[in-house]
Amino acid sequence: MTNRLVLWDIDQTLLDLRGSGRAWYAQAFTEVLGVTMSEMPRFFGRTERAITPEMLVSHGIEPDEEMIRKFWAALVSCSEQALPTLTEIGIALPGAADALSAVAACDGVVQSLVTGNLREIAWHKLSAFDLHEHVDFDLGGYGDLSAHRPDLVGCAVELAEARHGSPEAVIVIGDTPHDVTAALAHDAVAVGVATGSFNAEALREAGAHLVLPDLSDTATVVTAVLG
């Protein structure tokens, strides 16, 4: 029986890849559509199911499912090509590795992801920094699922319940108000991490139960998870 399910965001929570996602979007636009991307998408806390159709429409392209899937395949290819250089481009944020390891050492805790990324890209990002070892990718909620982030939390919880039984608590850890509101929609504990574009006040205003400046205080992260 899993006592606690911890669902991590990736970008600006565990990693800072210095705008790589935008570069991959631009590359995919060129490769798939033969056009130069003229607008930059707003990524913060949003899912690929929200971002991709919006970007296609803004460039006059019908966002049917076939086109969306073709574009996603190109995005995955871009991230795979970048994999050997990700540690040169970006960084693991302070305390990320220690936090994942410490939480993994807690009895009855399972860790997975709720991320706007596609699953393959999530794997590329975390594995590049050796942050994948303690994460059960099979239980995650990923960006292809829905334009609405709360749906991703619901999916992850359902997958965890099917394998481990109902957790006593679900903890969602992320850097945007979207992460917070997605947690609250499922009565989960919302832990905000002010390492992204939103400060501590914005995360508290969104309803976060706890806000951390970063993940460097491992004991505080563990306490947040264990309650």
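**Exercise 1. Classify the ring pair formed by Tyr25 and Phe71, and locate both residues in this predicted model.**

Solution. Tyr25 and Phe71 are both buried. The centres of their rings lie 5.1 Å apart, and the ring planes meet at 55°. Planes under 30 degrees apart would count as stacked and those over 60 as edge-to-face; at 55°, the pair is therefore tilted. Tyr25 belongs to helix α1 (residues 20-33) and Phe71 to helix α3 (residues 65-82), so that the pair links distant parts of the chain, 46 residues apart. Ring pairs also join Tyr25 and Phe71 with Phe29 and Phe43 in a cluster.

**Exercise 2. Classify the ring pair of Phe44 and Phe198, and state whether Phe44 is buried or exposed, or in between.**

Solution. The ring centres of Phe44 and Phe198 are 6.5 Å apart; because their planes stand at 90°, the pair is edge-to-face. Phe44 lies in the loop between α1 and α2, and Phe198 in the loop between β6 and α9, 154 residues apart. Buried means under 20% relative accessible area and exposed over 50%. Phe44, at 38%, is therefore partly exposed. Phe198, at 25%, is likewise partly exposed.

**Exercise 3. Determine which strands stand at the edges of the five-stranded sheet.**

Solution. The sheet is open, its strands pair in parallel, and their order is β4-β1-β5-β6-β7. β4 (109-113) and β7 (210-212) each have a single partner strand, so these two stand at the edges. On average, neighbouring strands are turned by 20° against each other, direction ignored. At the β7 edge, β6 (residues 189-193) pairs with β7 over three bridges, and Val193 has Leu212 as its bridge partner.

Methods
Residues numbered from 1 in each chain as written. Predicted model: local features only at pLDDT ≥ 70, side-chain atom pairs only at ≥ 80, totals over all residues. Heavy atoms only, no water. Pairing = 2+ DSSP bridges. Helix = DSSP H or I, 4+ residues; strand = E, 2+ residues; numbered from the N terminus. Axes fitted to C-alpha atoms, helices over the stretch in contact; angles between N-to-C directions. Phe/Tyr/Trp six-rings, centres within 6.5 Å; stacked < 30°, edge-to-face > 60°. Buried < 20%, exposed > 50% of the residue type's maximum accessible area, 1.4 Å probe, protein only.
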